[in-house]
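Visitor: Could you take me through one part of this model up close? I'd like to look at the surroundings of the ligand.

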Amino acid sequence: MSGAPLLPGPVPFASRAATLGVMGGGQLGRMFVHAAQAMGYAVAVLDPDPASPAGRVADYHITTAYDDEAGLAQLMQRCEAITTEFENVPAAALTTLAAQRRVAPGAQAVAVAQDRIAEKTHFERCAVQTGVGPAPWQAIRSADDLARVPDTLLPGLLKTARLGYDGKGQVAVDDRTQLAAAWAQLGQMPCVLEKRLPLRAEWSVILARGADGQTVHFPLQCNRHRQGILAVTETCPEPSGSTRALVEQAIAATRAVAADLQYVGVLCVEFFVVDDGSAHGQLVVNEMAPRPHNSGHYTIDACDVSQFELQVRTLAGLPLVSPRLHSAAVMLNLLGDCWWRNGRPHTPDWPRVLALPGVHLHLYGKLQARPGRKMGHLTVTAADLPQARAVALQAAALLGIEPWPGS
Ligand code: ADP
Ligand code: MG
């Protein structure tokens with residue numbers, strides 16, 4: 001991808017605004033649409049679901065399948081540049097689009113993120129330089145692979161190589177019998193078996209990289225998952241001592257993961273801080289997302305440039321600026337469970353939630369509040385983390401969200 005930046009606003013003599021495209025119409029696409037429109041771009045979304053969160057707010061909504069040639073042609077006709085909001089968009093579709101349009105991130109980077117085997121292989125290559133590798137793992141593609149699993153990988157987690165998210169497509173296994181049963185349960189699809197590690201913390205780093213290699217990043221954030229789904233993200237207070245070295249290592253590792261792929265766009269890399277008996281723990285790289293990430297939603301309200309604005313800038317080839325965190329923040333994911341009490345539908349007490357200081361509510365326009373479904377998020381901003389946490393805990397209590405350890 002190269003060439004002149006795609007400037008926002010009206011295209012000379014064309015009676016239309018410069019237009020960005022996005023493959024996928026979920027909440028990440030919706031927040032991209034909001035950021036792009038705020039800057040004066042029009043946006044076209046391709047998503048087969050006529051009620052998709054992003055499709056509903058886009059200037060144009062193309063409701064075909066992701067690999068539909070006519071749909072892709074329409075998208076190219078509407079847009080000067082195209083991005084993706086989810087990693088499972090067919091890589092072939094991105095290649096088709098890239099033949100005629102600026103596309104970021106590229107098909108090859110998305111293909112690596114789509115497949116845990118390719119992803120971990122990529123992380124291992126980068127580890128030579130960064131010293132931060134993945135958890136001990138092995139690819140499971142055949143019964144022979146299964147028989148070769150060393151005892152050191154158990155207890156482990158068996159994860160499908162493709163299409164897993166929010167803890168889906170994962171089975172915890174304690175021994176070989178469970179492992180064989182789990183692989184059968186997952187349809188004997190290609191998988192990775194990963195050693196289950198004692199986690200002290202989970203971190204993520206989000207960066208944006210331009211076509212010229214310029215890279216900016218957000219400060220690292222701390223994440224808490226429940227049942228494999230992100231529940232809470234907190235900004236980290238200025239790290240000190242050995243933690244500072246670990247944070248710097250995570251940021252350097254994220255930059256290396258992006259640079260090695262010649263990545264263009266917003267990238268999130270998830271890390272585990274593993275309890276290895278040392279004072280600060282050991283850093284392990286978990287997975288990457290070739291797009292803005294749920295753990296970066298707080299950047300909308302707590303940073304002077306959000307991850308979605310940086311996605312717009314990388315796609316359009318505009319200058320990247322280092323984001324500044326201006327407030328401490330705690331983000332709570334609002335799952336469909338918040339709309340249920342004792343098995344009955346329930347409307348959250350929004351007036352009381354919104355009466356709390358520094359609360360920013362984001363709902364994605366989804367109309368069916370199924371348990372476990374990401375319906376929205378809430379970011380609490382404050383002058384420091386203890387204050388943000390105190391308010392977030394009050395909001396959590398009102399919404400029926402369990403308090404989180406360490407809060
Ligand atoms: P997903 O694509 O569903 O986000 P992840 O690989 O990130 O899949 O796993 C989801 C969560 O499961 C992680 O955030 C972490 O809490 C837990 N987890 C995953 N792998 C391991 C591991 N090897 N050891 C311990 N916990 C893990
Ligand atoms: Mg994950």
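Guide: Here's a walk around the ligand site, with a quick stop at a helix pair afterwards. Keep in mind that this is a predicted model.

Let's start with who's there. Ligand 1 has 19 residues around it, and those that come nearest are Lys159, Gly167, Glu202, Asn286 and Glu287. Sort that shell by class and you get nine charged residues, along with five polar and five nonpolar ones. As for where they sit, strands E9 (156-160), E11 (191-195), E12 (199-209), E16 (265-274) and E17 (282-289) each supply at least two residues of the shell.

Now for the polar contacts. Glu202, already mentioned among the nearest residues, has a polar side-chain atom 2.5 Å from an oxygen atom of ligand 1. His225 also points us to an oxygen atom of the ligand, with a polar side-chain atom 3.3 Å from it. With Leu197 it's the backbone that matters: one of its polar backbone atoms is 3.0 Å from a nitrogen atom of ligand 1. On its own, ligand 1 has 540 Å² of accessible area, and the protein covers 89% of that.

Before you go, have a look at helices H3 (residues 91-98) and H4 (residues 107-114). They pack at about 170 degrees, their axes 9 Å apart. Angles over 145 degrees count as roughly antiparallel, so that's what H3 and H4 are to each other. H3 brings Ala91, Leu94 and Thr95 to the contact, while H4 brings Ala107, Val110, Ala111 and Gln114. Five of these contact residues are nonpolar and two are polar, with no charged ones.

Technical notes
Residues are numbered from 1 along each chain as its sequence is written. Chains are lettered from A and ligands numbered from 1 in the order in which they are written. This is a predicted model: local features need pLDDT of at least 70, side-chain atom pairs count only at pLDDT 80 or more; totals for chains, interfaces and linings use all residues. Side-chain values use heavy atoms; hydrogens and water are left out. Axes are lines fitted to C-alpha atoms, for helices over the stretch in contact, and angles run from 0 to 180 degrees between N-to-C directions. Helices (H or I, at least four residues) and strands (E, at least two) are DSSP runs, numbered from the N terminus. Angles under 35 degrees count as roughly parallel, over 145 as roughly antiparallel, 65 to 115 as roughly perpendicular and the rest as oblique. Contact means heavy atoms within 4.5 Å. Ala, Val, Leu, Ile, Met, Phe, Trp, Tyr, Cys and Pro count as nonpolar, Asp, Glu, Lys and Arg as charged, and the others, Gly among them, as polar. A residue is near a molecule or strand if one of its heavy atoms lies within 4 Å of it. A polar contact is a pair of N or O atoms within 3.5 Å; within protein, one must be able to donate a hydrogen and the other to accept it, and residues adjacent in sequence count only if both atoms are side-chain atoms. Accessible areas come from the Shrake-Rupley method with a 1.4 Å probe; for residues, only the protein chains shown count as cover.
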